[in-house]
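Hi there,

Here is the structure I promised to pass on. Please have a look at it first, and then read my notes below.

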Amino acid sequence: MKKIQVFINTCLRKILKIRWPEKISNEDLWLRTRQQPVEEDILQRRWRWIGHTLRKPASNITRQALTWNPQGKRKRGRPRNTWRRDLDADAKHMGKTWGMLERLAQNRDAWRELIGGLYPRRGHRRR
């Protein structure tokens, strides 16, 4: 994430023609360009997609993939972080359970309010 953010900030500085001796904080840069940190953007997009997927019927393959648990042996060492584990950690951080999220996703307005509360946008126009 950090490397991607550094690259984006470098590009924004080149677009605005901010040279080396001029110092500008990243927050000021994001306000000038109406951007948000890449981590916030990815998190919001992830949760928008999850809401979209949870509104699909239970027989849908995309929805089934969220709850799929592969069988068999894993490699030695620490298990890799999966998409579902990230979602569970984010949900726990929000104080929600998976069942609560499934019910909440059915109401689009409530879901948008939940997603908007994750990281409020800084001076952005509506897309």
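**Helix H5 and the rest of the fold**

The twelve residues of helix H5 (residues 83-94) should span 16 Å at 1.5 Å a residue, and the C-alpha atoms at its ends lie 17 Å apart, so expectation and model agree. Do keep in mind that this is a predicted model. Just after H5 comes Gly95, whose phi is positive, about 80 degrees.

Now for the overall picture. The protein contains seven helices and zero strands, which reads along the sequence as α-α-α-α-α-α-α. Its radius of gyration is 19 Å, whereas the globule rule gives 14 Å for 127 residues; the value is well over the rule, so the protein is more spread out than a compact globule. Along the principal axes, the C-alpha trace spans about 55 × 45 × 25 Å.

How much of the protein is buried? Of the 127 residues, 25% are buried. The exposed area comes to about 10,300 Å², with 52% of it supplied by carbon and sulfur atoms.

On contacts, I looked at pairs of residues at least 6 apart in sequence: 55% of these contacts join residues at least 24 apart.

Last, the charges, which may interest you if you plan any electrostatics. There are 33 positive side chains and 12 negative ones in the protein. The centres of these two sets lie 7 Å apart.

Happy to talk any of this through.

Best wishes

Conventions. Residues numbered from 1 in each chain as written. Predicted model: local features only at pLDDT ≥ 70, side-chain atom pairs only at ≥ 80, totals over all residues. Heavy atoms only, no water. Helix = DSSP H or I, 4+ residues; strand = E, 2+ residues; numbered from the N terminus. Rg over C-alpha atoms; globule rule 2.2 N^0.38 Å. Buried < 20%, exposed > 50% of the residue type's maximum accessible area, 1.4 Å probe, protein only. Contact = heavy atoms within 4.5 Å. Areas by Shrake-Rupley, 256 points an atom, 1.4 Å probe, with all protein chains shown as cover. Lys, Arg positive; Asp, Glu negative; His and termini not counted. Charge placed at Lys NZ, Arg CZ, Asp CG, Glu CD. Expected span 1.5 Å × (residues − 1).
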